[in-house]
Amino acid sequence: MNTRDTLKTGKNGHLFIGGADCVELAEKYSTPLYVYDKKYIEDICGVYRDTLEKEYGEGRVLYASKAFSCKGIYKLIDKLGLGADVVSGGELYTALEGGISAQKLVMHGNNKTDAELKFAVESGVGVIVCDAYSEIERLSALCESKDTVQKIMLRVNPGVEAHTHHFVQTATPDSKFGFSMMNGDAVRAIELALSSKGVRLIGLHCHIGSQIFEKESFALAAEKMTDFYKKIKDELGYEFEALNLGGGFGIYYTDDDKKLSVEGYADYIRVIAQTLKKCILKKGLKKPFLFLEPGRSIVGEAGITLYTVGNIKNIIGIKNYAAVDGGMFESPRHALYGSRYTVVAANRMNDKATERYSIAGKCCESGDIIAEDCFLPELKRGDILAVLSTGAYNYSMASNYNRNAVPPVILVENGESDYLVKGQTYEDIARGDADCKLL
Ligand SMILES: *Cc1c(COP(=O)(O)O)cnc(C)c1O
């Protein structure tokens with residue numbers, strides 16, 4: 001467990017987050033329950049914002065809001081001086097409703113619809129990151145028809161692909177994202193953008209992966225991108241004014257991952273800033289406005305999910321299942337890609353862990369497991385479990401599978417709590433069900 005001032009065991013042996021007793025939260029709001037620690041989000045955003053300013057200068061941290069999107073989080077992010085990136089009309093709508101100014105938004109997506117482009121342009125989104133020739137053309141035509149010019153970046157694939165524990169440079173990029181920098185696609189896209197009157201190309205964007213601990217991967221991406229900026233300057237006589245290096249900073253899930261303090265996360269940005277400054281000096285480029293887009297690392301460790309233990313099944317000699325009142329409908333990451341988590345018994349943190357459990361969800365799928373290999377005290381029905389580091393890519397990927405309701409999301413600070421998102425009711429689940437005239 002990556003403990004901190006706002007995530008620790010209290011004197012009564014209960015887990016506390018943001019000064020609130022998790023057992024009391026479970027009673028008050030019922031379970032499953034997503035809980036976010038406001039101070040953690042404030043602290044890490046402050047660290048990112050200040051480190052970028054101090055180590056680099058002109059730039060903006062964008063919260064990659066696909067990690068966790070709701071009106072409240074945009075409101076908080078805006079207050080903390082960050083912008084946000086959005087990847088769909090729905091995220092854009094929510095961000096605007098949350099009160100972020102459109103100028104501070106960057107719109108991504110490998111297949112934006114005409115309606116999404118129109119919505120983005122009409123809202124005055126700061127930058128749209130284009131990811132296809134036809135998108136540049138469609139967007140330019142749209143802007144010309146409205147007598148406006150949209151700032152854009154192009155998503156490129158720098159041939160650096162990073163994973164949690166290693167990174168590789170791919171020679172033959174096969175990603176669905178980005179124009180390849182290796183085979184001429186990116187140059188063609190730049191030429192197209194530069195000759196399109198409705199758009200103004202300000203720079204390139206790359207995002208090399210997610211849950212990456214190795215800072216050299218980000219440094220390598222900065223190097224490759226500035227190499228390419230130099231090439232474009234030399235060959236096309238065009239110099240970019242901005243650069244977006246994406247997100248992907250790794251966070252703590254289990255003891256196999258690095259345990260970073262909030263301040264420790266500054267190192268990702270420090271390494272990127274220092275490498276970039278060195279590169280632009282060496283290559284004689286003008287200093288680009290730098291965008292960075294962390295998502296997971298802003299909300300991941302800030303969030304935990306609380307459950308109540310239900311049925312327990314001990315298959316002698318094979319494994320123990322503890323089933324909880326949640327599942328892949330609100331915690332899909334293990335079922336989707338085998339993600340691992342740290343799980344604790346929030347109502348008796350000081351009891352010795354003697355058993356190994358698989359934490360099963362309540363959905364009708366054998367693959368509906370929330371976490372495997374969890375060492376816990378011998379569990380009883382009614383125990384409260386906390387799965388840690390669930391703040392990113394859980395609520396945002398939740399579904400109504402088996403017509404389960406998406407649980408509420410609360411924010412905690414100094415022992416106080418309130419809803420960020422209310423839990424769904426059965427009526428909410430069935431709201432869109434229509435009185436079909438064919439029946
Ligand atoms: C997902 C994504 C991010 C954020 O990645 P994290 O791993 O959550 O930090 C940033 N930029 C783009 C374009 C992305 O697709």
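Author: Happy to walk through this with you. A polar contact here is a pair of N or O atoms within 3.5 Å. Please keep in mind that this is a predicted model.

Reader: How far is an oxygen atom of the ligand from an N or O atom in the side chain of S210?

Author: S210 is among the residues that come nearest to the ligand. The pair to look at joins a ligand oxygen to an N or O atom of the S210 side chain, and their separation is 2.3 Å.

Reader: Which residues around the ligand come nearest?

Author: Let's start with two side chains that each have an N or O atom close to a ligand oxygen: for K66 the distance is 2.8 Å, and for Y393 it is 2.6 Å. Taken alone, the ligand exposes 390 Å², and the protein buries 94% of that. Of the 15 residues around the ligand, the nearest are K66, S210, E293, R296 and Y393.

Reader: How many residues of the shell around the ligand are charged?

Author: The shell can be sorted into three classes. Its nonpolar residues number 3 and its polar residues 7, while the charged ones come to 5.

Reader: What residues line the largest cavity?

Author: The count gives 1 cavity of 30 Å³ or more, and the largest cavity holds about 50 Å³ of space. Its lining divides into 4 nonpolar, 2 polar and 2 charged residues. By name, the lining residues are N2, R4, L7, Y252, E301, I304, L388 and S389.

Conventions:
Residues numbered from 1 in each chain as written. Predicted model: local features only at pLDDT ≥ 70, side-chain atom pairs only at ≥ 80, totals over all residues. Heavy atoms only, no water. Near = heavy atom within 4 Å. Polar contact = N/O pair within 3.5 Å; in protein donor to acceptor, adjacent residues only side chain to side chain. Areas by Shrake-Rupley, 256 points an atom, 1.4 Å probe, with all protein chains shown as cover. Nonpolar A, V, L, I, M, F, W, Y, C, P; charged D, E, K, R; others polar. 1 Å grid on protein atoms, 1.4 Å probe; cavity = no way out; pocket = protein on both sides within 12 Å on 5 of 7 lines; lining within 4 Å. Points joined across faces, edges and corners; volume = space filled by probe spheres on them.
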